[in-house]
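Reader: I'm new to this one and would like a close look at a single part. Could you pick a helix, walk me around it, and then show me how the rest fits in?

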Amino acid sequence: HVLLKSLNNDARYCYFVGVKASGLGYQWSRSPYFLKTRNTKSKTFEFLSYGDMGLGGFGEGTIRNIVNKTIVDRVSFVLHGGDIGYGDDQNVLFSKCGLSRLDNGPSAYEKVYDIFMSKIEPLASTVPYMVIPGNHE
């Protein structure tokens, strides 16, 4: 956890995400992430809210639209109302996610979530992203 104090409004800040891996030293994110603070004196703001977004079907188009730079620059935060990537639907998603039948089992959830999180990374790394668990988690 990190607490950032005295940030300037409407400013961009660069940060890296890292983890200490056993025997490997630190592993850092591929590229810097940016945090843009919003003007807190304004009484209005925009946010993005959605739920039930999987990797297949309409989910792909929705993901493309929400990671659009014009949306990322406008919203103050994202509220994702559950059913994150439909991790429990991995049997349906094998061909859409590039999973093989050998990936079935408990680790399939993780693979589906990894793919989903990679796709939304351009948005989730730049604005606060709050998730509410749904019935597929």
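Author: Happy to. Let's start with the outward side of helix α1: F58, R64 and N65 are exposed there, on the face turned away from the helix's buried side. Keep in mind that this is a predicted model.

Now turn α1 around. The helix spans residues 58-66, and its buried residues are G59, I63 and I66. These three cover an arc of only 75° around the axis, so they sit on the same side of α1. There's a simple rule behind that kind of spacing: an α-helix has 3.6 residues a turn, so residues three or four places apart point the same way.

Zooming out for a moment, α1 is part of a protein chain with four helices and nine strands. Along the sequence, the order is β-β-β-β-β-β-α-α-β-β-α-α-β. Buried residues account for 31% of the chain's 137 residues. As for contacts between residues at least 6 apart in sequence, 68% of them join residues at least 24 apart. On the outside, the chain exposes about 9,300 Å², with carbon and sulfur atoms supplying 57% of that.

Strand β7 is a good next stop. It covers residues 77-80 and includes H80. With a relative accessibility of 0%, H80 counts as buried. Its side chain makes a polar contact of 2.8 Å with the side chain of Y129. Leaving out residues up to four places away in sequence, H80 touches Y50, G51, M53, F116, Y129, M130, V131 and I132.

Rings are worth a look too, as the structure holds two aromatic pairs. One is Y26 with W28: the ring centres are 5.8 Å apart and the planes meet at 25°, so this pair is stacked. Both Y26 and W28 are exposed. The other is F47 with F77, whose ring centres are 4.8 Å apart and whose planes are at 5°, so that pair is stacked as well. This second pair links distant parts of the chain, since F47 belongs to strand β5 (residues 47-50) and F77 to strand β7, 30 residues apart. F47 is partly exposed, with a relative accessible area of 43%. F77 also counts as partly exposed, at 29% relative accessibility.

So strand β7 is home to both F77 and the buried H80, while α1 has its own buried side, made up of G59, I63 and I66.

Notes. Residues are numbered from 1 along each chain as its sequence is written. This is a predicted model: local features need pLDDT of at least 70, side-chain atom pairs count only at pLDDT 80 or more; totals for chains, interfaces and linings use all residues. Side-chain values use heavy atoms; hydrogens and water are left out. Buried means under 20% relative accessible area, exposed over 50%, partly exposed in between (1.4 Å probe, protein chains only). Helices (H or I, at least four residues) and strands (E, at least two) are DSSP runs, numbered from the N terminus. The arc is that of the directions from the helix axis to the C-beta atoms. A polar contact is a pair of N or O atoms within 3.5 Å; within protein, one must be able to donate a hydrogen and the other to accept it, and residues adjacent in sequence count only if both atoms are side-chain atoms. Contact means heavy atoms within 4.5 Å. Rings of Phe, Tyr and Trp (its six-membered ring) pair if their centres lie within 6.5 Å; planes under 30 degrees apart count as stacked, over 60 as edge-to-face and the rest as tilted. Accessible areas come from the Shrake-Rupley method with a 1.4 Å probe; for residues, only the protein chains shown count as cover.
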